[in-house]
Amino acid sequence: MSAEPFLPFALPEIGEEEIAEVVDTLRSGWITTGPKARRFEAAFVDYLGGPGTGLHAIAVNSATAGLHLALEALGIGPGDEVVTTTHTFTATAEVVRYLGADVVLVDIDPATLCIDPAAVEAAITPRTKAIVPVHYGGLAADMPRLLDIAARHGLKVVEDAAHALPATVGGALVGTLASDATVFSFYANKTITTGEGGMLVTRDAELARRARVMRLHGMSRDAFDRFTAKVPSWYYEIVAPGFKYNLTDIAAALGLHQLRRADAFQQRRAAIARRYGELLQGLPLRLPPQAPPGERHAWHLYPVRLADDAPLPRDAVIERLFEAGIGCSVHYIPLHLQPYWRDRYGLVPEQFPHSQRFYERTLSLPIYTRMSDADVQRVAQALHRILG
Ligand SMILES: *Cc1c(COP(=O)(O)O)cnc(C)c1O
């Protein structure tokens, strides 16, 4: 075992400002959804370019909730198919099943590790209604091609941007692209965090209206508004069996300050990625794909793939790193290997050769803002000892 303290795979960076804002919320008497959640939504729109963008931001208690609300508002239901990548977390796909629609999983492009647009196009049937790309690890998927496919086939696009704050495509932030909706995650290990939380972003005013109603029990005051100038504060109507997906002001208090630090956090993550790139030279490893010149990579993950001539299999490398006091992980066990998805759709690894091979040979190294330069060096040195 290592004498050094354990280096976790991920840690949130929560500062004194976040803590003071949470305390202020607790003292305010308003701890559920209220003024801070509304401020967080407005700040998020500002971050993406301001009200002039026409964007609506809807704060939710998880990205899973946001994906569910987006697909519900787009009318996805039984008999429909939604195409997404097998190389993701189950949340991306499970929301499709909540709605009674079917998931069509496709392989990744090994150059980006994101959904392969050619595989998407090949998977389209008369039942296909939507595409859900995942910006794996913080590198944007090939959105120009995916949006073109969607336009030609009349499909909706909902981006799973859980890893992608702040990543860019054509110089534009993910969240401002021409998709129908984009969903960010503020889970504990994501690039900014509210503990649990997410943000649904859309330019579609009708989608936004529906998502706001369904976020809180299907409750609406709009019907009353139409007939009366003054709505009593106690009045509401239930227009649908909605969900309980609202973000608390306690969580939004964290988000307000985390969002202000998003660019600085990204710069630190990018610096760590650059340092890994230098320090891991000469090892039997394939390093993760870089963003194209001029684009921003959010660097949520730093997955390294063992070369065929690596001296140890992936699981042994992870075990040796843990023995050296270094946490690492695997992103992801592809959905086609998970019993539910495999059995429901009769999936076999041969249908997803790129994802399968990547999964078998890859581990994710720690990459987070609280890592010091010495921590990064320690990970690299351990890998040199293990693989050199
Ligand atoms: C974390 C994650 C989610 C779910 O985010 P929550 O906020 O935990 O619901 C969805 N998709 C991907 C790719 C994720 O990594």
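**Close-up 1. Residues around the ligand in this predicted model.** Which residues come nearest to the ligand? Of the 15 residues around it, those are Thr64, Asp160, His163, Ser185 and Lys190. His163 is also a polar partner: an N or O atom in its side chain sits 2.7 Å from an oxygen atom of the ligand. With Ala63 it's the backbone that takes part, a polar backbone atom there being 2.8 Å from a ligand oxygen. Tyr332 goes back to using its side chain, where an N or O atom is 3.0 Å from an oxygen of the ligand.

**Close-up 2. The cis peptide bond ahead of Tyr332.** Tyr332, whose side chain has an N or O atom 3.0 Å from a ligand oxygen, deserves a view of its own. Its place is in the loop between helix 11 (314–323) and helix 12 (339–345). The peptide bond leading into Tyr332 from His331 is cis, and omega is near 0°. Most peptide bonds, for comparison, are trans.

**Close-up 3. A cis bond at Pro166.** Here the cis peptide bond joins Leu165 and Pro166, with omega at about -10°. Where does Pro166 sit? Look in the loop between strand 5 (156–160) and strand 6.

**Close-up 4. His217 and its positive phi.** Most residues other than glycine have a negative phi. His217 isn't a glycine, yet its phi is positive, near 65°. You'll find His217 in the loop that runs between helix 7 (205–215) and strand 10 (219–220).

**Close-up 5. Arg210 paired with Glu72.** Side chains of opposite charge can pair when their charged atoms come close. In the salt bridge shown here, the closest N and O atoms of Arg210 and Glu72 are 2.7 Å apart. Why is this pair worth a look? Arg210 belongs to helix 7 and Glu72 to helix 3 (residues 63–73), so the salt bridge ties together parts 138 residues apart in sequence. The model's salt bridge count comes to 23.

**Close-up 6. Where domain 1 touches domain 2.** The domain assignment splits the protein chain into domain 1 (16–260) and domain 2 (263–387), and their C-alpha centres lie 26 Å apart. Contacts between them involve 40 residues from domain 1 and 35 from domain 2. The size of an interface is often given as the accessible area lost when the parts come together. For these two domains the buried area is about 3,000 Å², with carbon and sulfur atoms giving 60% of it.

**Close-up 7. The salt bridge between the domains.** How many salt bridges link domain 1 and domain 2? The count is one. In the salt bridge between the side chains of Arg344 and Asp102, the N to O distance is 2.9 Å. Polar contacts between the domains come to 24 residue pairs. On the side of domain 1 that touches domain 2, the elements giving two or more residues are helix 4 (90–98), strand 3 (102–106) and strand 6 (168–169). By residue type, that side of domain 1 divides into 20 nonpolar, 15 polar and five charged.

Technical notes:
Residues numbered from 1 in each chain as written. Predicted model: local features only at pLDDT ≥ 70, side-chain atom pairs only at ≥ 80, totals over all residues. Heavy atoms only, no water. Domains from an automatic or database assignment. Contact = heavy atoms within 4.5 Å. Buried area = accessible area lost by both parts, 1.4 Å probe. Salt bridge = Lys/Arg side-chain N within 4 Å of Asp/Glu carboxyl O. Polar contact = N/O pair within 3.5 Å; in protein donor to acceptor, adjacent residues only side chain to side chain. Helix = DSSP H or I, 4+ residues; strand = E, 2+ residues; numbered from the N terminus. Nonpolar A, V, L, I, M, F, W, Y, C, P; charged D, E, K, R; others polar. Near = heavy atom within 4 Å.
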